[in-house]
Amino acid sequence: MAIVRRGLLTQGNTKLGEGPHVWSLPAVSTCPGMSEGCSHCYARQHRYRFPAVVERLKWNLRQARRPDFPSRMTREIRRKGCLAVRVHASGDFFSADYASAWEEVFAACPRVRFWAYTRSYRVPAVWDVMRGWGRFKNLRLWLSADRSTGLPPDVPSGVRVAWLQTDEGEDIPPVDLVFRIRRLRTQPTRVGLRVLPVCANETGTGRSDEVTCGSCQRCLR
């Protein structure tokens, strides 16, 4: 009987589109920089509660803790010919060692576009590793913030800030991108004279227009 080997990466989802590959971990347990706003996280509900998805994410976490994780991930990216990889549709950089493992992957795959959102910048030991990631031309690192965290105190060159809007009337500071919880996605993107840089998928027409990360690519540029 042939042995079927499970790959590390999966390809696409409703928001990502069919093109990008994705790597995920269990939410909450791998999110040391969580804030109050994380109670709205999509990765704590819906399909992420299906037994098969829960089992898969636990398996991913076991692989992430193996010393050969960066070499295995690099080989798979090359073998599959990945053009774009979303690091953590769920989960986050849970330790300095794990962040260092991804640093090896970024360096080994200079022609692949990676992007990741993180709140682990709130953990000093992990941030010590990630602080220099602006040097990677193939990586777009987004520091995720909300009303409970405020703006990150340290945003290095080449790193961007995304804001999670959880209330209709909240004051959103100048940031590079705004995500909205589901009930706010039909709200206008213009507030007075200001146009908020809302994720195109999360506007009133984004889903109906079938805008995906693969077609928009704002987060990757």
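This report looks at the nonpolar cores, the cysteines and the salt bridges of a predicted model.

**The core**

Let's start on the inside. In soluble globular proteins, nonpolar side chains tend to be buried together. Here, the largest nonpolar core has 43 residues, and the ones with the most contacts inside it are Trp23, Ile77, Phe93, Trp102, Phe114 and Trp133. Several helices and strands each give at least two residues to this core, among them helix H1 (51–64), helix H2 (69–80) and strand E5 (139–146). Helix H3 supplies the largest share, with six residues. There is also a second, separate core of 14 residues, including Ala84, Leu164, Leu184 and Cys219.

Trp133 deserves a visit of its own. You'll find Trp133 in the loop between H4 and E5. Is Trp133 buried or exposed? Trp133 is buried, with a relative accessible area of just 1%. Setting aside neighbours within four places in sequence, Trp133 is in contact with Phe93, Ala99, Trp102, Glu103, Phe106, Leu139 and Leu141. If you jump 24 residues along the chain from Trp133, you get to Ser157, and the C-alpha atoms of these two are 9.2 Å apart.

**The cysteines**

How many disulfides does the structure hold? The count is zero. Take Cys82: the closest cysteine sulfur belongs to Cys109 and is 8.4 Å away, so it is too far for a bond. Cys82 is buried, with a relative accessible area of 4%, and Cys199 also counts as buried, at 10%.

**The salt bridges**

Now for the charged residues. Side chains of opposite charge can pair when their charged atoms come close. The model has ten salt bridges, and here are three of them.

| Pair | Closest N to O |
|---|---|
| Glu76 and Lys80 | 2.8 Å |
| Glu103 and Arg135 | 3.6 Å |
| Asp146 and Arg119 | 2.7 Å |

Glu76 and Lys80 both sit in helix H2, four residues apart, or about one turn of the helix. Glu76 is buried, with a relative accessible area of 4%, while Lys80 is partly exposed at 34%. Together with Arg79, Glu76 and Lys80 are linked in a network of salt bridges.

Glu103 and Arg135 link distant parts of the chain: Glu103 is in helix H3 and Arg135 is in the loop between H4 and E5, 32 residues apart. Glu103 is partly exposed at 21%, and Arg135 is partly exposed at 49%.

Asp146 lies in strand E5 and Arg119 in the loop between E4 and H4, so this pair ties together parts that are 27 residues apart in sequence. Both Asp146 and Arg119 are buried.

How values were computed:
Residues are numbered from 1 along each chain as its sequence is written. This is a predicted model: local features need pLDDT of at least 70, side-chain atom pairs count only at pLDDT 80 or more; totals for chains, interfaces and linings use all residues. Side-chain values use heavy atoms; hydrogens and water are left out. A nonpolar core is a set of buried Ala, Val, Leu, Ile, Met, Phe, Trp, Tyr and Cys residues joined through side-chain atoms within 4.5 Å. Buried means under 20% relative accessible area, exposed over 50%, partly exposed in between (1.4 Å probe, protein chains only). Contact means heavy atoms within 4.5 Å. A disulfide is a pair of cysteine sulfur atoms within 2.5 Å. A salt bridge is a side-chain nitrogen of Lys or Arg within 4 Å of a carboxyl oxygen of Asp or Glu.
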